[in-house]
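Colleague: Hello! I have just opened this one and would love a friendly tour. Could you put it on the screen for us?

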Amino acid sequence: MSGTKNNAIYVVGHINPDTDSIAAAMGYAWLLQDQGQNAIAARAGHLNPQTTWVLAHLGIEQPTLLTDASPRFAAISHRLNVATPEHPLREVWSIANRTGGVAPIVDSEGKPYGLVTVISLFDFLSRTVGSHPRREEMRIGELMDMPGREAVDTTVPQFQANSRIRDALNRILREERTEFWVIDETGRYVGICRHREALNPPRMQLILVDHNEPGQAIGSIDEADIIEIVDHHRLGNPSTRTPIRFTVDVVGSTSTLISERINDAGLSAPPELAGLLLAGVLSDTLILTSPTTTPRDHEAAERLGRWAFVVGSPLAKETVQSYGEKVISSGTGLATREPEDIVSADLKLYEEAGMNFGVAQVEVTSLVELDEHHDQLKDALIKLRDSKGLDFAVLMVTDVVRGSSRLLLTSDVPRLGGLPYPKLPDGTFRMPGVVSRKKQLLPALLSALEG
């Protein structure tokens with residue numbers, strides 16, 4: 001993960017990202033870049049099989065991984081000019097004069113050798129001149145011809161560029177020095193950071209897409225500045241330090257909102273990006289059949305198809321329906337995935353009515369698959385509940401062909417006895433016509449919990 005220099009703005013979706021979340025982040029980052037902003041698309045976790053297939057099919061690289069918003073050392077690193085240990089002190093002195101009194105000495109492998117500072121120079125002079133038999137006749141030129149390695153401080157702490165500053169603050173505060181090394185994962189020189197900047201690092205700039213609840217956002221979000229939210233879910237947003245642009249609209253996918261922004265700007269997305277946004281729309285609306293689908297989603301799909309289904313594009317011979325079927329089928333099935341992955345890949349956490357719970361969803365082409373994997377999925381769901389300290393967790397298994405679902409629970413929750421679905425002998429609930437976690441299942445769960 002890179003730092004926050006040059007006013008970078010990270011556009012990121014929710015943890016356990018789905019195709020709509022990734023598509024919206026990449027589509028909006030592209031639009032902002034076209035408008036002259038330094039926007040970077042990010043993902044808040046590992047990609048699910050469907051999104052992985054879509055990106056590979058379209059030849060698009062995965063967005064950068066951003067798991068939390070805590071400032072990194074890369075954000076306060078300055079790549080000062082360097083010298084080698086053999087460089088004469090006069091050249092080292094020249095660097096220090098231009099950097100405010102510090103010169104990094106780096107070895108032939110590009111790794112820190114030592115730092116020349118005002119204090120290390122004074123120590124060098126004390127040692128050298130103080131022990132010289134004729135120190136009163138020693139000339140400055142003689143000192144300046146000596147190799148720079150003679151005047152370095154080799155005890156300066158090193159911090160990795162992608163490490164969180166807050167994790168090192170106690171060590172930094174204990175140090176009496178004012179400069180520190182910043183290195184990469186191989187130990188090579190990246191730059192120098194200063195004490196005062198570590199105590200007050202720049203805050204990461206974030207745009208949240210496809211979510212607005214802190215529980216679904218990347219970690220340490222309170223250490224960042226949220227400058228905009230674009231979403232289509234219920235409200236549960238974090239407080240912000242300043243007014244922000246906030247769009248929450250009643251459409252089937254966030255990709256629809258992003259495609260409208262692109263259209264309103266008088267632009268058309270490149271075919272591959274349009275294909276990604278179209279996948280976001282078709283995935284979240286189950287090929288425009290979900291009850292969350294609106295006329296605007298139909299318009300977005302038509303518009304994105306027009307941009308994506310062009311000669312030379314990976315989707316040149318597709319239609320909305322044919323492409324949608326491939327997108328949906330790429331993410332379905334239980335047999336080829338580990339149960340632990342199934343219950344966590346598309347998981348959202350909630351805190352309502354005094355209870356913490358998780359709602360996961362997986363798509364299949366036949367609910368018979370649930371019968372075959374019921375016990376393993378329930379065990380995985382129980383492990384998930386316990387590892388995250390939840391009161392309960394549920395898995396919504398959705399048949400995307402027939403438009404219905406079954407609900408698997410970790411345990412009997414008395415308050416969920418009021419769910420409006422018939423309970424089957426294996427303890428699962430049959431939910432005919434229910435395919436949307438957001439619009440159908442969650443309201444029913446909340447209503448039951450609230451009594």
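Colleague: What volume does the largest cavity have?

Modeller: Before the value, note that this is a predicted model, where local features need pLDDT of at least 70, side-chain atom pairs count only at pLDDT 80 or more, and totals for chains, interfaces and linings use all residues. Residues are numbered from 1 along each chain as its sequence is written, and side-chain values use heavy atoms, with hydrogens and water left out. A cavity is a set of points on a 1 Å grid over the protein atoms alone where a 1.4 Å probe fits but cannot get out; points are joined across faces, edges and corners, and the volume is the space filled by probe spheres set on them. For the largest cavity, that volume is about 30 Å³.

Colleague: Which residues line the largest cavity?

Modeller: A lining residue has an atom within 4 Å of a cavity point. The residues that meet this rule are His14, Ile15, Gly215, Gln216, Leu347, Lys348 and Leu349.

Colleague: Which helix gives the most to the largest nonpolar core?

Modeller: A nonpolar core is a set of buried Ala, Val, Leu, Ile, Met, Phe, Trp, Tyr and Cys residues joined through side-chain atoms within 4.5 Å, and buried means under 20% relative accessible area, with a 1.4 Å probe and protein chains only. The largest such core has 47 residues, and Val11, Tyr28, Val209, Leu276 and Tyr323 have the most contacts inside it. The top contributor, with nine residues, is helix H1 (residues 19–34).

Colleague: Is Val152 buried or exposed?

Modeller: Val152 sits in the loop between helix H5 (140–145) and strand S6 (158–160), helices and strands being DSSP runs (H or I, at least four residues; E, at least two) numbered from the N terminus. Leaving aside neighbours within four places in sequence, Val152 has contacts (heavy atoms within 4.5 Å) with Ile105, Tyr113, Gly114, Leu115, Val116 and Ser120. Because its relative accessibility is 17%, Val152 counts as buried.

Colleague: What phi does Leu288 have?

Modeller: Leu288 lies in the loop between H9 and H10. Although Leu288 is not a glycine, its phi is positive, at about 65°.

Colleague: How far does helix H10 reach from its first C-alpha to its last?

Modeller: H10 covers residues 295–308, so the expected span, 1.5 Å times one less than its number of residues, applies to 14 residues. Among its buried residues are Asp297, Leu304 and Trp307, and the cover over the buried residues of H10 includes helices H8 (254–264), H9 (271–284) and H11 (320–330). The reach of H10 is close to the expected 20 Å, at 20 Å.

How values were computed: Buried < 20%, exposed > 50% of the residue type's maximum accessible area, 1.4 Å probe, protein only. 1 Å grid on protein atoms, 1.4 Å probe; cavity = no way out; pocket = protein on both sides within 12 Å on 5 of 7 lines; lining within 4 Å.
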